[in-house]
Amino acid sequence: MTAWRAAGLNYINYSNIAARLVRKALKPEQRAQAVRRDESHIKFTKWVNGKPEKAGEVV
């Protein structure tokens, strides 16, 4: 069994923790670039009966 699974984590949680630690270990000038890559935008659209109900929301 892998260590992250034995600790009660799923792979997504494990990889998020590892990525956060790597970003903290970077030099300041490289850390700024890494933090920008960390941002993400998700578009949600509610579907009813196979059709979108309204325009998607960007989160």
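# Val35 and the contacts of helix 3

Val35 lies in helix 3, which spans residues 28-38. The coordinates discussed here belong to a predicted model. With a relative accessible area of 42%, Val35 is partly exposed. Its C-alpha atom is 7.3 Å from that of Arg23, although the two residues are separated by 12 positions in sequence. Arg23 is therefore a natural residue to take up after the overall description.

## Overall organisation and confidence

The protein contains 3 helices and 4 strands. In sequence order these elements give the pattern α-α-α-β-β-β-β. Of the 59 residues in the protein, 5% are buried. The accessible surface amounts to about 5500 Å², and carbon and sulfur atoms contribute 56% of that area. Among contacts with a separation of 6 or more, 0% join residues that are 24 or more positions apart.

The mean pLDDT of the protein is 82, with 88% of the residues at 70 or more. Helix 2 has the highest confidence, at 89, whereas strand 4 (residues 57-58) has the lowest, at a mean of 55. Where pLDDT is low, the predicted coordinates should not be read in detail.

## Arg23, Leu26 and helix 3

Arg23 is located in helix 2. Is this residue buried or exposed? Arg23 counts as buried because its relative accessibility of 19% falls under the 20% limit. When residues up to four places away in sequence are set aside, Arg23 touches Arg31, Ala34, Val35 and Asp38. Val35, one of these partners, has already been placed in helix 3. A further C-alpha distance concerns Gln33: this residue is 10 positions from Arg23 along the chain, and the two C-alpha atoms are 9.5 Å apart.

Leu26 sits in the loop between helix 2 and helix 3. Which residues does Leu26 contact once its neighbours within four places in sequence are left aside? They are Arg31 and Ala34. Both names also appear among the residues that Arg23 touches. Leu26 is partly exposed, at a relative accessible area of 26%.

## The aromatic pair in helix 2

The model has 1 aromatic pair. Tyr11 and Tyr14 form this pair, with a centre-to-centre distance of 6.0 Å and an angle of 45° between the planes, and the arrangement is tilted. The two residues both belong to helix 2 (residues 11-25), where they stand 3 residues apart, about one turn of the helix. Tyr11 counts as partly exposed because its relative accessibility, 48%, lies between the 20% and 50% limits. Tyr14 is likewise partly exposed, with a relative accessible area of 36%. Together with Ile12, these tyrosines make up a nonpolar patch on the surface, and the accessible area of Tyr11, Ile12 and Tyr14 together is about 330 Å².

## The strand region

Asn49 occupies the loop between strand 2 (47-48) and strand 3 (51-52). Its phi is near 55°, a positive value in a residue other than glycine. Most residues other than glycine have a negative phi. Asn49 is exposed because its relative accessible area of 77% is over the 50% limit.

Lys54 is found in the loop between strand 3 and strand 4. Apart from residues up to four places away in sequence, Lys54 touches Thr45 and Lys46. The C-alpha atoms of Lys54 and Phe44 are 9.7 Å apart, with these positions 10 residues apart in the numbering.

## Summary of accessibility

The table collects the relative accessible areas of the residues discussed above.

| Residue | Relative accessible area | Class |
|---|---|---|
| Tyr11 | 48% | partly exposed |
| Tyr14 | 36% | partly exposed |
| Arg23 | 19% | buried |
| Leu26 | 26% | partly exposed |
| Val35 | 42% | partly exposed |
| Asn49 | 77% | exposed |

Key: Residues are numbered from 1 along each chain as its sequence is written. This is a predicted model: local features need pLDDT of at least 70, side-chain atom pairs count only at pLDDT 80 or more; totals for chains, interfaces and linings use all residues. Side-chain values use heavy atoms; hydrogens and water are left out. Buried means under 20% relative accessible area, exposed over 50%, partly exposed in between (1.4 Å probe, protein chains only). Contact means heavy atoms within 4.5 Å. Accessible areas come from the Shrake-Rupley method with a 1.4 Å probe; for residues, only the protein chains shown count as cover. Rings of Phe, Tyr and Trp (its six-membered ring) pair if their centres lie within 6.5 Å; planes under 30 degrees apart count as stacked, over 60 as edge-to-face and the rest as tilted. Patches are made of residues with over 30% relative accessible area and no salt bridge: like charges are joined within 9 Å, nonpolar side chains (Val, Leu, Ile, Met, Phe, Trp, Tyr) within 5 Å. A salt bridge is a side-chain nitrogen of Lys or Arg within 4 Å of a carboxyl oxygen of Asp or Glu. pLDDT is the predictor's confidence in each residue, from 0 to 100.
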